[in-house]
2 protein chains.
Amino acid sequence: MSDRPLNATAASLLGFLHEGPLTGWDLVATAQGRIGNFWSLTQSQVYRELTAMAEAGLVAAGERGPRDRRPYAITAAGRAAFASWAEREPGPESIRFPLLLTLAFGRHLPPGRLAAIVGRHRAAHAARLAGYERTRTAIETAGMGDDPYAQATLEFGVGYERAVLAWFDRLPPAIRGAGEWPDGAAAE
Amino acid sequence: MSDRPLNATAASLLGFLHEGPLTGWDLVATAQGRIGNFWSLTQSQVYRELTAMAEAGLVAAGERGPRDRRPYAITAAGRAAFASWAEREPGPESIRFPLLLTLAFGRHLPPGRLAAIVGRHRAAHAARLAGYERTRTAIETAGMGDDPYAQATLEFGVGYERAVLAWFDRLPPAIRGAGEWPDGAAAE
DNA sequence: TGGTACATGTAACATGTTACATGATTAG
DNA sequence: CTAATCATGTAACATGTTACATGTACCA
């Protein structure tokens, strides 16, 4: 039952458990859907955190169900730990963008190769933006603009992907290749 | 002399060493200046990678100089390893944004507290944007728009920070607090 | 009845972070 | 002479990733 502050990944699991008991599997799915956009975690990690938090008394494992499903419930200590995590000043974000590294050392690549890479990544970002915008309009039309917090994080995703696409489109032709990607999914 | 592919951090060190021998200290400073914007590394890590790469024959440690400075030079094997790293498809970027986590669980915080946090982070981003724009105009006015790759990564930083600020400014008042930050450094 | 999705978990390793120990050099 | 900065490095630990092993239940 160590008392060092929670890490953000563990804290977010506790956050989801406020809504009721969930299994490791459920937590992975929930996290990917709700915070996967700006916080990644693996299944392995989730099980590890759950085990550790159970040991620390922050969550309590329930009875194994049908498929060996083992639900975890947050405890009073878990709520307290979560609350004190939430009070802390969030740290600065970190972005790790391998494409930008490759680009930064672009001098060391044949130009066509770089352009091809850049093109593929642009397409991937366009697809992600499209996905975000679909869920966004789905929320609006369904009239369920209920959770302003979820909406704010989604808006971040949209804004981010738009900015990235706009950046791609302003890359000098020498880098991104001649008249590639005839467009169709640009910003705004 | 393991042959598993380089990790991106090690690869970027090799990238810098193409320009000549550098010490661990120099590499930390160089990396922070040139890729620190989208790739973070710590001093400890740099020394560890250098040691490992020296063992693997990718770099060669030189004589210790004045302050025990020990320059590392890239070897032929190092160049080859770097080249094959550069050929690989860069992985997807990962963003870890603690503020968004806190925001996603905003329901669990007193509103004033959240607004205060948000306000401080907005200010930090405004400051970073200002920094980027200073270096950007410095490059332009100095007439040294030489390295298009460095410029492209800088442009990413500018675009990113502007998008983040615009996002802050579109947050619902309930989240960001009433009429805070009278503004002055908004986008465009 | 066979494949897919569900579900849990471990092991091994890679990467990243924090804290500390040690000392040289330089600037004031 | 002394404080700040430069410089290297280690130790301990936290976090993240990949690969694998095992089996269950659902659905076509």
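**Close-up 1. The protein surface near DNA strand D is mostly made of polar and charged residues.** In this predicted model, the residues of the surface near DNA strand D fall into three classes: 9 are charged, 9 are polar and 4 are nonpolar. Which elements supply at least two residues each to this surface? They are α3 (43–55) of chain A, together with α2 (24–34) and α3 (43–55) of chain B. As you explore the view, look for both chains, since each appears in that list.

**Close-up 2. Residues of chains A and B come nearest to DNA strand D.** There are 22 residues around the strand. Those that come nearest are Gln45(A) and Arg48(A) from one chain, and Tyr47(B), Arg69(B) and Arg96(B) from the other. Now turn to the DNA side: of the atoms of DNA strand D that come within 4 Å of the protein, 64% belong to sugar and phosphate.

**Close-up 3. Side chains of Ser44(A), Arg48(A) and Ser44(B) reach bases of DNA strand D.** Start with the two serines. A polar side-chain atom of Ser44(A) sits 2.7 Å from a base oxygen of DNA strand D. For Ser44(B), the distance from a polar side-chain atom to a base oxygen of the strand is 2.9 Å. Then find Arg48(A): an N or O atom in its side chain is 2.3 Å from a base nitrogen of DNA strand D.

**Close-up 4. The largest pocket is lined by 31 residues.** How much space lies in this pocket? The volume is about 710 Å³. Nearest the centre of the pocket are Gly33(B), Arg34(B), Ile35(B), Gly36(B) and Asn37(B). Two or more lining residues come from each of β3 (94–96) of chain A and α2, α6 (111–141) and α7 (148–170) of chain B. The largest share belongs to α7(B), with 6 residues. Sorted by class, the lining holds 15 nonpolar, 9 polar and 7 charged residues.

**Close-up 5. A rotation of 180 degrees superposes chain A on chain B.** The shift along the axis is 0.0 Å, and the RMSD of the superposition is 0.0 Å. The two copies are therefore related as by a two-fold rotation axis. Where does chain A come nearest to this axis? Look for Ile95(A), whose C-alpha is the nearest of that chain, at 2.3 Å from the axis. The copies meet through the same surface, because 100% of the interface residues of chain A are also interface residues in chain B.

Methods. Residues are numbered from 1 along each chain as its sequence is written. Chains are lettered from A and ligands numbered from 1 in the order in which they are written. This is a predicted model: local features need pLDDT of at least 70, side-chain atom pairs count only at pLDDT 80 or more; totals for chains, interfaces and linings use all residues. Side-chain values use heavy atoms; hydrogens and water are left out. A residue is near a molecule or strand if one of its heavy atoms lies within 4 Å of it. A polar contact is a pair of N or O atoms within 3.5 Å; within protein, one must be able to donate a hydrogen and the other to accept it, and residues adjacent in sequence count only if both atoms are side-chain atoms. Helices (H or I, at least four residues) and strands (E, at least two) are DSSP runs, numbered from the N terminus. Ala, Val, Leu, Ile, Met, Phe, Trp, Tyr, Cys and Pro count as nonpolar, Asp, Glu, Lys and Arg as charged, and the others, Gly among them, as polar. On a 1 Å grid over the protein atoms alone, a cavity is a set of points where a 1.4 Å probe fits but cannot get out, and a pocket is an open set with protein on both sides within 12 Å along at least five of seven lines; lining residues have an atom within 4 Å of a point. Grid points are joined across faces, edges and corners, and a volume is the space filled by probe spheres set on the points. Copies are superposed by least squares on the C-alpha atoms of residues with pLDDT of at least 70 in both. Contact means heavy atoms within 4.5 Å.
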